[in-house]
Amino acid sequence: MTDTTASPAQRRALYELDDELTELRALARDIAQREFRDLALDWERNGEFPWRNIALLAETGLLGVALPERYGGGGGSWLHAAVVLEELGASCYTTAMAALGELGVQTQAILHYGSEEMRERYLPGVAAGRVICAICMTEPDSGSDLSAMTTTVREDGDSLVLNGRKTLISRADVAQVFVVFTRFADDAGRRSIGAVLVDRDTPGLQVAERFSTLGGEGLYGVVFDECRVPAGNLLVREDGFRKMLHAFNGQRCLNAAISVGIARGANDAALEHARSRVAGGQLLGSHQGIRWILADNAIQIEAARLLVHRAAAQASDGFPRRYESAVAKTFANEMALKVTDNTLQLFGGHGWIDEVPAERYLRWARYGPLGGGTPHIQRNGIARHLLGEL
Ligand SMILES: Cc1cc2nc3c(=O)[nH]c(=O)nc-3n(C[C@H](O)[C@H](O)[C@H](O)COP(=O)(O)OP(=O)(O)OC[C@H]3O[C@@H](n4cnc5c(N)ncnc54)[C@H](O)[C@@H]3O)c2cc1C
């Protein structure tokens, strides 16, 4: 099994990226700023999936950076994925969200828990930008509390048959494969949850309603009605709930990396404004009150980035660990809300205008604390860890 955890050298280099990661960051930043940043609002407005950007990320090796080379990837780690997603978050939320599944938990769950046949079927297409993976956990009556999930799967000869309804699913309109969290019908245990892969064209899978969102991207309902897949599509059953929660730490960590990117993009815009805008007869950046806002933003961003890199670099058993991911996510999500709000204020009334790069960062930052487990849920997990209850 290929190990996608960081090398010892990368672990040591927590405070400074090594040469390879520095180059990766420069490449991702260049592409994101040159190709994605100026069109970010257009993607939000037209609500389309940014295929063009995904193709570019695939061509440059960024999309498959954390997949093994034998599946067309770059052989990198969660740290590589976090570095790329920070850059995408700093320039274009739509693109960061589009790439999150390919760089994150869906594909890594297939890599670590899937059969070789599954890996060969999906992963080269993911690295090449042809296969988009959706993840289906949330249900109308089961969000934070996954154990309340009612979607079931039953065995029927050589098939698995799924029934249930998922909601708020990203990229369901374009995904070729869905990683579906489900309860095993013949297992009464509270933790009888695992995951099954469902291809898009499977009879009984229906992408239902589309919800318009604050970030512009669509979220979808997905219905499974006697949806029959081959038994070989079983991704995890034995110890499934623990394994899928472990995999989900990857989502937490990368969601946090996007928050860091969003905050950094906002503060970069604030710095540029502070250098050019005159107020009260002097540059905005000459007012002490404004200088302290810029400095506070930087302090918060630096701290969040270190937490994210720590969580990514300390991955073990294939995925970041729960405590480090929860700490990084909570801090980075809340930090991004504060920094982007500070930034909008620094633009004054002009910050309210959508063409001015301030309001978009505040909207983008709102995603972090909603997806991937809310700060309340992270705090519950952190407290359980501290009290030795896990
Ligand atoms: C942009 C976006 C993309 C998403 N993409 C996906 C996707 O691709 N796939 C997917 O499966 N889901 C996705 N989701 C859904 C997301 O994972 C859920 O919204 C999230 O898990 C919260 O569940 P909920 O909305 O049902 O809120 P609830 O669980 O109903 O929670 C409501 C509020 O109560 C708080 N709360 C709940 N339980 C507790 C508790 N025990 N203690 C303290 N506070 C609590 C929560 O923190 C929250 O603030 C997405 C959401 C967003 C916003």
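Axes here are lines fitted to C-alpha atoms, for helices over the stretch in contact, with angles taken between N-to-C directions. On that footing, and bearing in mind that this is a predicted model, helix 5 (residues 78-91) packs against helix 9 (residues 240-276) at about 35°, the two axes lying 7 Å apart. The crossing of helix 5 over helix 9 is right-handed. On the helix 5 side, the contact draws on W78, A81, A82, L85, E86, E87, G89 and A90. Helix 9 brings in G250, L254, A257, I258, V260, G261, I262, R264 and G265. Sorted by class, that contact comes out as 10 nonpolar, four polar and three charged residues.

Two of the residues in this contact, E87 and R264, also pair up through their side chains, in a salt bridge with an N to O distance of 2.9 Å. E87 sits in helix 5 and R264 in helix 9, so the bridge ties together parts that are 177 residues apart in sequence. Neither end is out in the open: E87 has a relative accessibility of 1% and counts as buried, and R264, at 9%, counts as buried too.

A further salt bridge links the side chains of E302 and R305, this time at 3.5 Å from N to O. Both residues belong to helix 10 (residues 288-313), where they are three residues apart, or about one turn of the helix. Their surroundings are not alike, since E302 is partly exposed at 47% relative accessibility, while R305 is buried at 17%. The cut-off matters for R305: buried means under 20% relative accessible area, so a value of 17% puts this residue in the buried class. Through shared partners, salt bridges join R29, E86, E87, R264, D268, E302 and R305 into one network. The pairs E87 with R264 and E302 with R305 are thus both found among the members of that network.

Overall, the structure holds 25 salt bridges. One of them joins E355 to R45, with the closest N and O atoms 3.4 Å apart. E355 lies in the loop between helix 11 (322-346) and helix 12 (359-367), and R45 lies in helix 3 (residues 40-46), so this pair ties together parts that are 310 residues apart in sequence. Here E355 counts as exposed, with a relative accessibility of 52%, and R45 counts as partly exposed, at 48%.

Turning to the strands, strand 2 (residues 152-156) and strand 3 (residues 159-170) run antiparallel and pair over five bridges. Within that pairing, R154 has V161 of strand 3 as its bridge partner. The two strands make a hairpin with two residues between them, and G157 in the turn takes a positive phi of about 60°. Strand 3 also pairs with strand 7 (residues 219-230), again in the antiparallel sense, over nine bridges. In this second pairing, S159 is matched with P230 of strand 7. As a rule, side chains in a regular strand alternate between the two faces of the sheet.

Finally, there is Q378, a residue of helix 13 (residues 375-386). Q378 counts as buried, its relative accessibility being 0%. Setting aside neighbours within four places in sequence, Q378 touches R252, A326, K329, T330, G372 and G373.

Note on methods: Residues are numbered from 1 along each chain as its sequence is written. This is a predicted model: local features need pLDDT of at least 70, side-chain atom pairs count only at pLDDT 80 or more; totals for chains, interfaces and linings use all residues. Side-chain values use heavy atoms; hydrogens and water are left out. Axes are lines fitted to C-alpha atoms, for helices over the stretch in contact, and angles run from 0 to 180 degrees between N-to-C directions. Helices (H or I, at least four residues) and strands (E, at least two) are DSSP runs, numbered from the N terminus. A crossing is left-handed if the near helix is turned anticlockwise from the far one by less than a right angle, and right-handed if clockwise. Contact means heavy atoms within 4.5 Å. Ala, Val, Leu, Ile, Met, Phe, Trp, Tyr, Cys and Pro count as nonpolar, Asp, Glu, Lys and Arg as charged, and the others, Gly among them, as polar. A salt bridge is a side-chain nitrogen of Lys or Arg within 4 Å of a carboxyl oxygen of Asp or Glu. Buried means under 20% relative accessible area, exposed over 50%, partly exposed in between (1.4 Å probe, protein chains only). Two strands pair if DSSP finds at least two bridges between them.
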